[in-house]
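Biologist: Got a minute to walk me through this one? I'd like to go strand by strand.

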Amino acid sequence: MKAMDTATAKRKGIKLRATIIYRKEGEVLFVRKRKAKWNLPGGRVERDETPLEAAMREMAEETGLAFDELRYLTMYREDKVIHYLFEARKADDKPRPRNEIEACRWIKASDVSKRRVRRPIKTLLKRCA
């Protein structure tokens, strides 16, 4: 995976995000901040951090889950945001909201279009997952 460095991205006005799809028994894990729509776990790639490191950090910060391995799927660009998309493998623990996250919820893939999920995430899931 060849990732754009954060300094170049910032100069070009591009946001770099590490985004994680965690599937379990036909459902996908979503997180939600207070008064926000549902989103996939993930967040900004910090300076001097790889997308994989950002994905691991964000998953732990938002859900308390730690994974031995995240599998890189693809890079997905929408407007001024580049998502480095990872797939999480089975975790032993149950996701719990942490830090700015108010709730964690498993949503059936077939129900995502009916839920208050951020539009870019709906598009990303249709195209990449």
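What follows is a short chat about a predicted model.

Biologist: In what order do the 3 strands of the open sheet come, and which are the edge strands?

Modeller: The pairing in this open sheet is antiparallel, and the order runs β2-β3-β7. Each edge strand pairs on one side only, and those strands are β2 and β7.

Biologist: How many bridges join β3 to β7?

Modeller: Start with the partner on the other side: β2 (residues 23-24) and β3 pair over 2 bridges, antiparallel. Strand β7 covers residues 101-108 and also runs antiparallel to β3. There, R32 stands opposite A103, and V31 faces C104. The count for β3 and β7 is 7 bridges.

Biologist: Which residue in the turn between β2 and β3 has a positive phi?

Modeller: Those two strands form a hairpin with 2 residues between them. Across the pair, R23 stands opposite V28 of β3. The phi in question is about 50 degrees, and the residue is E25.

Biologist: Is β3 largely enclosed or not, and how many of its residues are buried?

Modeller: Buried means under 20% relative accessible area here. The rest of the structure largely encloses β3, because the buried ones among its 7 residues number 5.

Biologist: Is K37 buried, partly exposed or exposed?

Modeller: K37 sits in the loop between β3 (27-33) and β4 (42-44). On the surface, K37 gathers with K15, R116, R118 and R119 in a patch of positive charge. Its relative accessibility is 40%, so K37 counts as partly exposed.

Terms used: Residues are numbered from 1 along each chain as its sequence is written. This is a predicted model: local features need pLDDT of at least 70, side-chain atom pairs count only at pLDDT 80 or more; totals for chains, interfaces and linings use all residues. Side-chain values use heavy atoms; hydrogens and water are left out. Patches are made of residues with over 30% relative accessible area and no salt bridge: like charges are joined within 9 Å, nonpolar side chains (Val, Leu, Ile, Met, Phe, Trp, Tyr) within 5 Å. Accessible areas come from the Shrake-Rupley method with a 1.4 Å probe; for residues, only the protein chains shown count as cover. A salt bridge is a side-chain nitrogen of Lys or Arg within 4 Å of a carboxyl oxygen of Asp or Glu. Lys and Arg count as positive and Asp and Glu as negative; His and the chain ends are not counted. The place of a charge is taken as NZ of Lys, CZ of Arg, CG of Asp or CD of Glu. Helices (H or I, at least four residues) and strands (E, at least two) are DSSP runs, numbered from the N terminus. Buried means under 20% relative accessible area, exposed over 50%, partly exposed in between (1.4 Å probe, protein chains only). Two strands pair if DSSP finds at least two bridges between them.
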